[in-house]
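Okay, thanks for coming, everyone. I'll put the structure up on the screen and walk you through the parts I spent the week looking at.

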Amino acid sequence: MDTAIIFDLDGTVLYTDELIKRTFIKVFEKYQPGYTLSEDELLSFLGPSLKETFSKYFPDEMFNELLNYYHSYNHSHHEDFVYVYPSVVETLEYLKNRGYPLGIVTTKLKVAADVGLNTFDLKKYFDVVIGLDDVKVTKPDPEGIIKAMELLGVKKAVYIGDNITDIQAGKNAGIKTIGVKWSPKGYQHLLELEPDLMIDEMKEIIPYIEGAC
């Protein structure tokens, strides 16, 4: 196949919202005791890189310490709060069996992405995983998507995600985009960017990919 199917990870393939929220709450309990995060703040943390989020609340020189504490809690509680969204596995299986090149482009560090993928035995489906540490500029810049396409050896691709920056990155890369409707932030903000398709469940990408790609 000459078209790659590339996915965002958190909020698209894996439900990680609860884990992310709990992890941020733990970080703030330790480093900003007395500060209570609002639900809007917690929702705003779903999508951006940790560096981007932490920079709004803490001095830059604290980043490595914050990152280490975040990952220590996050990784040790991964199996408690994370699950794979409905029909994701069967969709990946279908696409893999038909020879589509598959990739992940995420704002998580590569090692953190691997934790999630390996927990649910999903790594075997993906030919390439691009993490935050693999790029100089994160989404909405298309660098990660373009790098994935180069590694996959394709000139066409579809990018699937749950955030504004996902759709923007796909459009900036000049490829088709698919938005998901299951984000707790809603999806009206995605509709305004006019992705090529919006889906209620992952398996809905199959007829679109086979018909349009």
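So, let me start with this: what covers the buried residues of α7? The cover includes β2 (14–15), α4 (63–76), α5 (78–81) and β5 (128–130). The helix itself spans residues 110–119, and its buried residues are A112, A113, D114, G116 and L117. Just past the end of α7, have a look at D121, which takes a positive phi of about 55 degrees.

Before I go further, a reminder that this is a predicted model.

Now the overall picture. The protein has 11 helices and 8 strands. With 213 residues, a compact globule would be expected to have a radius of gyration near 17 Å, and the protein has 17 Å, so the two agree. Along the principal axes, the C-alpha atoms fill a box of roughly 55 × 35 × 30 Å. Buried residues account for 52% of the 213. And if you take contacts between residues at least 6 apart in sequence, 67% of them join residues at least 24 apart.

Okay, on to the strands, and I'll begin with β4. Both faces of β4 are covered: L102 and I104 are buried on one side, and G103 and V105 are buried on the other. That fits the general pattern, where side chains in a regular strand alternate between the two faces of the sheet. β4 pairs with β1 in the parallel sense, over 3 bridges, and there F7 has I104 as its bridge partner. β4 also pairs with β5, again parallel and over 3 bridges. In that pairing I104 is matched with V129. And here's where our opening helix comes back: β4, α7 and β5 make a right-handed β-α-β unit.

Let's move along to β6, residues 156–161. Of its 6 residues, 5 are buried, so the strand is largely enclosed by the rest of the structure. What does β6 pair with? One partner is β1, residues 3–7, running parallel and joined by 5 bridges. Within that pairing, A4 sits opposite A157 as its bridge partner. Another partner is β7, residues 176–180, with 4 bridges, parallel as well. There, I160 has I178 as its bridge partner. To get from β6 to β7 the chain goes through helix α9, residues 164–172, and this β-α-β crossover is right-handed.

Right, charges. In general, side chains of opposite charge can pair when their charged atoms come close. Here the count comes to 11 salt bridges. I'll show you a few.

The one I'd zoom in on is K108 with D10, where the closest N and O atoms are 3.4 Å apart. This pair links distant parts of the chain: K108 is in the loop between β4 and α7, D10 is in the loop between β1 and β2, and they are 98 residues apart. Are these two buried or exposed? K108 has a relative accessible area of 16%, so it counts as buried, and D10, at 15%, is buried too.

Now contrast that with a local pair. R22 and E18 form a salt bridge, with 2.8 Å between the closest N and O atoms. Both lie in helix α1, 4 residues apart, which is about one turn of the helix. R22 is partly exposed, with a relative accessible area of 35%, and E18 is partly exposed at 27%.

Then there's K181 and D200, whose side chains meet at 3.7 Å, N to O. K181 is in the loop between β7 and α10, and D200 is in the loop between β8 and α11, 19 residues apart. K181 counts as partly exposed, at 26% relative accessibility. There's also a network of salt bridges, linking D8, K139 and D166.

Last thing, and it's the one I'd like you to look at: D17. Where does D17 sit? It's in helix α1, residues 17–31. D17 is buried yet has no salt bridge, and the nearest side chain of opposite charge, K21, is 6.3 Å away. So what does D17 touch, leaving aside its neighbours within four places in sequence? D17 is in contact with L46, Y85 and P184.

Okay, that's my tour. Over to you.

How values were computed
Residues numbered from 1 in each chain as written. Predicted model: local features only at pLDDT ≥ 70, side-chain atom pairs only at ≥ 80, totals over all residues. Heavy atoms only, no water. Helix = DSSP H or I, 4+ residues; strand = E, 2+ residues; numbered from the N terminus. Buried < 20%, exposed > 50% of the residue type's maximum accessible area, 1.4 Å probe, protein only. Lys, Arg positive; Asp, Glu negative; His and termini not counted. Salt bridge = Lys/Arg side-chain N within 4 Å of Asp/Glu carboxyl O. Contact = heavy atoms within 4.5 Å. Pairing = 2+ DSSP bridges. Right-handed = clockwise from strand over helix to strand, strands pointing away. Rg over C-alpha atoms; globule rule 2.2 N^0.38 Å.
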